[in-house]
Amino acid sequence: MKKFKSYSSMAAVCAMLTLASCGNDIELAQAPVKGEYKVTFTASQEGSATRTAVDGSNVVWQTGDAISVFDGGNNNCMFELATGAGATVGEFVGTIQTLDPKSYCAVYPAMESATIDSDYGISGLSLPIEQVATSGSFDPRAAIMTARNDNADKITSTTEDLTLGEFKHVCAFVKVTTTEEYDKITFTANGGEGIAGGFTVTLDENGISTVTPTADASTTVSLVPAIEGTKIAAGTYLIAILPGTLEHGFTMECITFGDADSQMSEIYRTYNGNTSVFSRHNVVNMGTASATNGWTTFTPTYVDLGLSVKWATCNVGATKPEDKGNHFAWGETQPKDDYSWSTYEYAPETGSTFTKYNATDGKTVLDATDDAATANWGSAWRMPTKAEMEELLNTENCKWEWTSQDNVLGYLVTSKIENYTNNSIFLPVTGFRYDTYLSGASSNGYYWSASLVNGVNQKSAWSVKFGSNFAYVITYYRNSNGFSVRPVLP
């Protein structure tokens, strides 16, 4: 199971921050010439037409708050809260390096990586993939807003104030109410669209942004507890996602992880194959997570084939045996849209210099934190090793029969071991993903093991490949490719 960081200081802000205070005005106390200026931030509404308040509370500033202001020279100027902590009005202090102050743009919260071009395009922005759950609100790091002012050239006096304009929300919001506590709440784009992580925005004259996710943007967003080892209490929560159209719908899951002797369980609702539009500043209400409200319950199950481990009845990301589930790069725990070396977690850009599972650390089997089965189903589950896959493939142990189940091709694997001969699992064809492509989806299955290949080929992990007349362990597919995962229970 993934380790969640503590965001205690940010969570304190989030407790007092709601969508009712979506907009803000910035005023520069002096004319925009080079120097240091105080900025007054006054909370204001973006507009009642898109009011999405939970309780109608105001923004309350906290120590450590900061904004990025882009001056006329396109410099990213950081302004930090100087006074006003605990109030709705605060003074932010920073340095503006004005060159040609015809326009100003701003981003909340401040992001040092953000840059702006001459066409009001801001890049280097990021929406957290893991967001802190705060009842009745959202993670303040996800409350990304932008503003733009084109009237700076009209200033004629050194004492004249500059109004940056009303801040506009960048993100769309998903709302869910729970009646039980959970370990994690996730929202996934079924079609692989980027909904969190890196993105760029282009601002129009009103400061409203057009959002473009980067190629490595995440297809999943998760709500996690503020403090590691705790749970998300029953309540109402909002998840920020990048706005856009999800061509194949979405899935929302409320997940509970059991201890080592129990199993993960979840309640979920999904819209498969349906186009869903999520607009910035609007909230889509998923309702109350309950089996009586159109939600479905799922608990992974296993089959004992009489082998050294018990095999799960479906893939990670699936809820029944014939579902293909998700694809994962080896050692990564979330699906994504691009499975190239440039997006691979352990060999960024090159696919040659590995930051983990290399000759230095000597690791040849996945750590639990990098195991897609453990991260998604809890500590009771893990990916199989090469030896455990070979045990399943051994024809003295199991019969492999090419068949179709619910119109999905795959292998029915039935135990030959005495007292277990009525037990079987179904492995569907899944295809594999490389770069932005999907290959073999209707004819072949590709399943990762947890074991890295030793020797000269450090770019590959052991995996099973099968088709209508073959099934064997292979080594030669790169780790950055997206394969399926069938968990085991030791």
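## Exercises on a predicted model

Ala461, Ser463, Lys465 and Gly467 point one way from β33, Trp462, Val464 and Phe466 point the other way, and all are buried. The model is predicted. The exercises start from this strand.

### Exercise 1. Strand β33

Task: work out how strand β33 (residues 461-467) sits in the structure, and which strands pair with β33.

Solution.

Step 1. Count the buried residues. In β33, 7 of the 7 residues are buried, so the strand is largely enclosed by the rest of the structure.

Step 2. Take the strand on one side. Strand β32 (residues 445-452) runs antiparallel to β33, and 5 bridges join them. Across this pairing, tryptophan 448 stands opposite serine 463.

Step 3. Take the next partner. Strand β34 (residues 470-474) is also antiparallel to β33, with 5 bridges. Here serine 463 stands opposite isoleucine 474.

Step 4. Look at the connection. β33 and β34 form a hairpin, with 2 residues between them.

Result: serine 463 faces tryptophan 448 and isoleucine 474 across the two pairings.

### Exercise 2. Strand β17

Task: find how many residues of strand β17 (residues 220-224) are buried, then identify the pairing with β9 and with β14.

Solution.

Step 1. Check burial. In β17, 5 of the 5 residues are buried, so this strand is largely enclosed by the rest of the structure.

Step 2. Sort the side chains. Thr220, Ser222 and Val224 point one way from β17; Val221 and Leu223 point the other way; all are buried.

Step 3. Read the pairing with strand β9 (residues 130-132). β9 and β17 pair in the parallel sense over 3 bridges. Glutamine 131 stands opposite leucine 223.

Step 4. Read the pairing with β14. β14 and β17 run antiparallel and are joined by 4 bridges. Threonine 186 has serine 222 as its bridge partner in β17.

Result: β17 has a parallel pairing with β9 and an antiparallel one with β14.

### Exercise 3. Cysteine 314

Task: locate cysteine 314, decide whether it is buried or exposed, and list what it touches.

Solution.

Step 1. Place the residue. Cysteine 314 is in the loop between β26 (310-312) and α2 (372-377).

Step 2. Apply the cut-off. Buried means under 20% relative accessible area. Cysteine 314 has 2%, so it is buried.

Step 3. List the contacts. Leaving out residues up to four places away in sequence, cysteine 314 touches Phe298, Thr319, Lys320, Pro321, Trp377, Arg486 and Pro487.

Step 4. Add a distance. The C-alpha atoms of cysteine 314 and glycine 325 are separated by 8.0 Å, and the two residues are 11 apart along the chain.

### Exercise 4. Backbone checks

Task: find the cis peptide bond next to proline 109, and the positive phi values at tyrosine 120 and aspartate 435.

Solution.

Step 1. Check omega. Tyrosine 108 and proline 109 are joined by a cis peptide bond, with omega about -5°. Proline 109 lies in the loop between β6 (104-108) and β7 (115-116).

Step 2. Check phi at tyrosine 120. The value is positive, about 65°, although the residue is not a glycine. Tyrosine 120 is in the loop between β7 and β8 (121-127).

Step 3. Check phi at aspartate 435. Again phi is positive, about 50°, and the residue is not a glycine. Aspartate 435 sits in the loop between β30 (432-434) and β31 (437-439). Its relative accessible area is 28%, so it is partly exposed.

### Exercise 5. Pockets

Task: describe the largest pocket and the second largest pocket by volume and lining.

Solution.

Step 1. Take the largest pocket. It holds about 1,100 Å³ of space. Its lining has 40 residues; Thr188, Asn190, Gly317, Gly325 and Asn326 lie nearest the centre.

Step 2. Assign elements. β14 (184-189), β20 (249-256), β21 (265-272) and α2 each supply at least two lining residues.

Step 3. Sort the lining by class. The largest pocket has 12 nonpolar, 20 polar and 8 charged residues.

Step 4. Take the second largest pocket. The space is about 650 Å³. Of its 20 lining residues, Ile129, Ser218, Glu332, Gln334 and Glu345 are the closest to the centre. The lining divides into 4 nonpolar, 8 polar and 8 charged residues.

### Exercise 6. The whole chain

Task: summarise the protein chain by its helices and strands, burial, contacts and exposed area.

Solution.

Step 1. Count elements. The chain has 3 helices and 35 strands.

Step 2. Check burial. Of its 490 residues, 53% count as buried.

Step 3. Check contact range. Among contacts between residues at least 6 apart in sequence, 67% join residues at least 24 apart.

Step 4. Check the surface. The chain exposes about 19,900 Å², and carbon and sulfur atoms supply 46% of it.

Key
Residues are numbered from 1 along each chain as its sequence is written. This is a predicted model: local features need pLDDT of at least 70, side-chain atom pairs count only at pLDDT 80 or more; totals for chains, interfaces and linings use all residues. Side-chain values use heavy atoms; hydrogens and water are left out. Buried means under 20% relative accessible area, exposed over 50%, partly exposed in between (1.4 Å probe, protein chains only). Two strands pair if DSSP finds at least two bridges between them. Contact means heavy atoms within 4.5 Å. On a 1 Å grid over the protein atoms alone, a cavity is a set of points where a 1.4 Å probe fits but cannot get out, and a pocket is an open set with protein on both sides within 12 Å along at least five of seven lines; lining residues have an atom within 4 Å of a point. Grid points are joined across faces, edges and corners, and a volume is the space filled by probe spheres set on the points. Ala, Val, Leu, Ile, Met, Phe, Trp, Tyr, Cys and Pro count as nonpolar, Asp, Glu, Lys and Arg as charged, and the others, Gly among them, as polar. Accessible areas come from the Shrake-Rupley method with a 1.4 Å probe; for residues, only the protein chains shown count as cover.
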